[in-house]
Amino acid sequence: MGSKKNTVVFEDYFPAMVEKLGTEGFMKELTNGFQLLMDREKKMITFESLKMNSALLGLEGMSDDEIMSMLREGDLDGDGALDEMEFCTLMFRLSPALMNNSKELLEEAIFSSH
């Protein structure tokens, strides 16, 4: 991850992670990432929890506006925070390769759970 003129640029390592870990392992890693960033009491990623943990993402220089923009990008229900589903959805949306392969990943996840 890097920052260019107030824009966060993400390296898309997700396809390689899915290939290495499998769908189930990748989803577990997303869950671990969510838990790392979430507010322990609210069980959501809040402005405060993301700001406090931004260094873990290599984003220690982010402004408050940039942090709010990240939250708004994934906040589907408008409550100002990210629940686990919103976080996972945002992570998929940030990966063009995963979006292109999302149908296959969903089918793999469904069939592997039975």
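**Figure 1. Overall fold of the chain, with six helices and two strands.** The model shown is predicted. Along the sequence, the elements occur in the order β-β-α-α-α-α-α-α. The chain has 114 residues, of which 31% are buried. About 7,600 Å² of the chain is exposed, and carbon and sulfur atoms supply 57% of this area. Among contacts with a separation of 6 or more, 44% join residues that are 24 or more positions apart.

**Figure 2. The largest nonpolar core, a set of 21 residues.** In soluble globular proteins, nonpolar side chains tend to be buried together. The members of this core that touch the most other members are Phe-26, Leu-30, Ile-45, Leu-50, Leu-71, Phe-87 and Met-91. At least two core residues come from each of helix H1 (14–37), helix H2 (47–53), helix H3 (64–74) and helix H4 (84–93). Helix H1 gives the most, with six residues.

**Figure 3. The surroundings of Leu-71, one of the core residues that touch the most other members.** With neighbours within four places in sequence left aside, Leu-71 is in contact with Ile-45, Thr-46, Phe-47, Leu-50, Gly-80 and Leu-82. Of these partners, Ile-45 and Leu-50 are also named among the core residues that touch the most other members.

**Figure 4. Ser-49, a buried residue of helix H2.** The relative accessible area of Ser-49 is 3%, and Ser-49 therefore counts as buried, for which the value must be under 20%. A polar atom of the Ser-49 side chain lies 2.9 Å from the backbone nitrogen of Thr-46. When neighbours within four places in sequence are set aside, Ser-49 is in contact with Leu-37, Met-38, Asp-39 and Met-44.

**Figure 5. The salt bridge between Asp-64 and Lys-51.** Side chains of opposite charge can pair when their charged atoms come close. Two salt bridges are found in a search of the whole structure. In the pair shown here, the closest N and O atoms of Asp-64 and Lys-51 are 2.6 Å apart. Because Asp-64 lies in helix H3 and Lys-51 in helix H2, the pair ties together parts that are 13 residues apart in sequence. Asp-64 is partly exposed, with a relative accessible area of 36%. Lys-51 is likewise partly exposed, at 40% relative accessibility.

**Figure 6. The salt bridge between Glu-73 and Arg-93.** The side chains of these two residues meet at an N to O distance of 2.9 Å. Glu-73 belongs to helix H3 and Arg-93 to helix H4, and the pair links distant parts of the chain, 20 residues apart. At 45% relative accessibility, Glu-73 lies between the limits of 20% and 50% and so counts as partly exposed. Arg-93 is also partly exposed, with a relative accessibility of 36%.

**Figure 7. Residues 62–97, the span annotated as an EF-hand domain in UniProt.** The annotation "domain: EF-hand" comes from an unreviewed UniProt entry. In the predicted model, the span is 64% helix and 0% strand. The C-alpha atoms at the two ends of residues 62–97 lie 26 Å apart.

Note on methods: Residues numbered from 1 in each chain as written. Predicted model: local features only at pLDDT ≥ 70, side-chain atom pairs only at ≥ 80, totals over all residues. Heavy atoms only, no water. Helix = DSSP H or I, 4+ residues; strand = E, 2+ residues; numbered from the N terminus. Buried < 20%, exposed > 50% of the residue type's maximum accessible area, 1.4 Å probe, protein only. Contact = heavy atoms within 4.5 Å. Areas by Shrake-Rupley, 256 points an atom, 1.4 Å probe, with all protein chains shown as cover. Core = buried A, V, L, I, M, F, W, Y, C linked by side-chain atoms within 4.5 Å. Polar contact = N/O pair within 3.5 Å; in protein donor to acceptor, adjacent residues only side chain to side chain. Salt bridge = Lys/Arg side-chain N within 4 Å of Asp/Glu carboxyl O. UniProt positions renumbered as here; feature names shortened; annotations may be inferred.
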